Amino acid sequence: MSTTKKLQSKASRKKKWGDITLQVVMTIVAILFLVPVFIIFNYSFKTKKELYLGNAFALPQSVNFDNYAAAYKKLNLGTTFFNTLLYTVISVLILALVCGMTAWAIARCKRRFFQFSYIYFIVGYLIPYEDWSLSELQERTALVQEFDRLADAIVSAGIETAETHEVVEEIFYEPVSKKCFA
Amino acid sequence: MGRKKLTGSMDRQYLLLVLPGLIVFTIGIIIPMFLGLFYSITDRDGMSAQKTFVGLKNYLDLFRDSATRDAWWFTIRFTVWNTILQNVFALLFAVALDSGIRAQKLYRTALFIPCLISALIVGFIWLRMYSNVLPSINEMLGTEINFLLFGSKDTVLTGLLIANNWQWIGYWMMIYLAGLQSIPADLHEAAKIDGAGPVKRFFNVTCPMLAPSFTVCIVGITTGSLKVYDLLVASTRGGPGRASTSIIYQTYTTAINGRQFGYGSAMSISLVIVLLLVALVQVKILKKREIQV
């Protein structure tokens with residue numbers, strides 16, 4: 001009820017200068033906010049040559065979907081999109097159910113256990129979630145270890161060379177032919 | 001009401017409702033956190049099976065390490081600026097949109113779209129913007145403004161603030177909008193009858209009624225900016241040198257690339273403690289100002 005009252009009183013006001021400037025300002029802000037999105041959209045239709053050589057704001061020469069086809073292939077978009085969809089739908093269902101139950105119970109029951117569990121959950125939200133998959137971690141560690149081994153080998157070879165060799169100065173006498181007065 | 005045992009079928013049902021959430025939460029978050037706590041007092045290097053206990057050496061090293069101190073300093077500056085800028089602008093835009101201009105839904109959508117993009121993509125977009133798109137304005141207009149904000153350690157914070165704020169202002173603006181629209185119009189009308197101008201009304205009617213939205217926004221923005229990572233990975237990778245390394249970025253590079261799992265866990269735990277303290281302080285201060293309508 002109070003919202004309809006509010007709308008009427010605002011729309012029936014006479015348009016003042018303040019309203020017009022606000023409108024203009026918000027339009028400019030909205031355009032500025034959308035510029036990066038439009039530019040990326042623009043980029044998605046450009047060929048590589050146009051990207052590097054042309055002006056960033058220029059419209060693409062022709063609308064070709066080559067970039068989209070390449071992205072589809074590289075991302076394997078069919079499978080990955082389906083996976084993401086599955087993951088999202090199931091997560092949302094579970095979250096809606098479990099969070100709804102839990103929030104209702106915490107809000108309705110004033111016992112200490114529930115106050116404590118409220119704080120318990122909030123603490124969890126604050127923790128940044130780090131999901132390292134074990135295989136990825138192993139690969140990266142193996143790479144770094146390999147690099148370390150190579151670096152060690154190079155350094156030890158250098159040290160060996162420096163230890164077993166010496167810098168020696170040698171004086172050469174070169175025969176030089178000189179003209180003699182005949 | 002003293003501490004009662006959970007007797008009675010009603011209490012049992014309440015408990016049953018909370019249990020699934022508690023179980024999943026404990027397995028998913030609390031146990032790994034305690035594992036991390038355990039690792040933080042060891043010397044583990046990620047893959048080898050040996051774990052030598054080093055006690056609190058990791059935590060002491062945290063204070064002596066200048067890289068970690070720089071990371072903390074950057075994260076704190078980023079958080080403070082973010083909190084101020086995002087709150088102020090989100091509130092301003094929400095008030096502007098709520099004051100009866102036309103095409104309100106259009107502006108709301110336009111400002112909200114950037115927060116649907118993941119932070120990784122936002123970093124990617126702004127890297128291209130600063131290096132390719134904006135300098136081409138220089139070519140078109142013949143000016144010579146320096147747009148390479150990610151190139152020097154003095155301007156990299158500004159560049160990241162612009163990118164992050166671009167993404168998130170719309171989101172917090174929606175929360176303030178919802179809060180604004182839940183203020184009963186009678187209060188505004190009563191204030192108008194009493195002769196209060198718009199500015200006075202804003203500070204004395206709107207702001208107190210918006211206190212719950214303030215709590216949500218301030219706590220959310222602070223914890224979100226303390227956890228910044230994806231944005232940095234996609235755009236500056238720690239900045240020129242180490243100028244834009246956040247504490248989480250430092251944790252990742254130490255734990256994975258530097259293979260100092262134990263030390264990284266100690267950094268992680270210290271971040272959790274700081275987050276807890278910050279959130280607790282904020283919630284305590286802000287909740288006092290809330291009025292229940």
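A:Ile90 lies in helix 5 of chain A. This residue belongs to a predicted model, and it offers a convenient starting point for a description of both chains.

**The surface around A:Ile90**

Is A:Ile90 buried, partly exposed or exposed? Its relative accessibility is 45%. Buried means under 20% and exposed means over 50%, with partly exposed in between, so A:Ile90 counts as partly exposed.

A:Ile90 is one member of a nonpolar patch on the surface. The other members are A:Tyr72, A:Leu75, A:Leu77, A:Phe81, A:Phe82, A:Leu85, A:Leu86, A:Val89, A:Leu93 and A:Ile94. Together, the residues of this patch have about 1,100 Å² of accessible area. Which helices of chain A each supply at least two residues of the patch? They are helix 4, covering residues 66–75, and helix 5, covering residues 77–108. Helix 5 gives the most, with 9 residues. An α-helix has 3.6 residues a turn, so residues three or four places apart point the same way.

**The two chains**

The secondary structure of chain A comes to 7 helices and 0 strands, and its elements follow one another from the N terminus as α-α-α-α-α-α-α. Chain B has 12 helices and 0 strands. The C-alpha atoms of chain B fill a box of roughly 80 × 75 × 30 Å along the principal axes.

The table sets out further values for each chain.

| Property | Chain A | Chain B |
|---|---|---|
| Buried residues | 19% of 182 residues | 47% of 293 residues |
| Accessible surface | about 15,500 Å² | about 15,300 Å² |
| Part of that surface from carbon and sulfur atoms | 68% | 66% |
| Contacts with a separation of 6 or more that join residues 24 or more positions apart | 9% | 69% |

In chain A, then, residues 24 or more positions apart account for 9% of the contacts with a separation of 6 or more. In chain B, the corresponding value is 69%.

**Helix 6 of chain B**

Helix 6 of chain B comprises 26 residues, from 156 to 181. Where is the kink in this helix centred? The kink is centred on B:Trp168 and amounts to about 40°.

The length of helix 6 can also be compared with an expected value. At 1.5 Å a residue, the helix should span 38 Å, because the expected span is 1.5 Å times one less than the number of residues. The end C-alpha atoms of helix 6 are 37 Å apart, which agrees with that expectation.

Definitions and conventions. Residues are numbered from 1 along each chain as its sequence is written. Chains are lettered from A and ligands numbered from 1 in the order in which they are written. This is a predicted model: local features need pLDDT of at least 70, side-chain atom pairs count only at pLDDT 80 or more; totals for chains, interfaces and linings use all residues. Side-chain values use heavy atoms; hydrogens and water are left out. Helices (H or I, at least four residues) and strands (E, at least two) are DSSP runs, numbered from the N terminus. The bend at a residue is the angle between axes fitted to the seven residues ending there and the seven starting there. Patches are made of residues with over 30% relative accessible area and no salt bridge: like charges are joined within 9 Å, nonpolar side chains (Val, Leu, Ile, Met, Phe, Trp, Tyr) within 5 Å. Accessible areas come from the Shrake-Rupley method with a 1.4 Å probe; for residues, only the protein chains shown count as cover. A salt bridge is a side-chain nitrogen of Lys or Arg within 4 Å of a carboxyl oxygen of Asp or Glu. Buried means under 20% relative accessible area, exposed over 50%, partly exposed in between (1.4 Å probe, protein chains only). Contact means heavy atoms within 4.5 Å.
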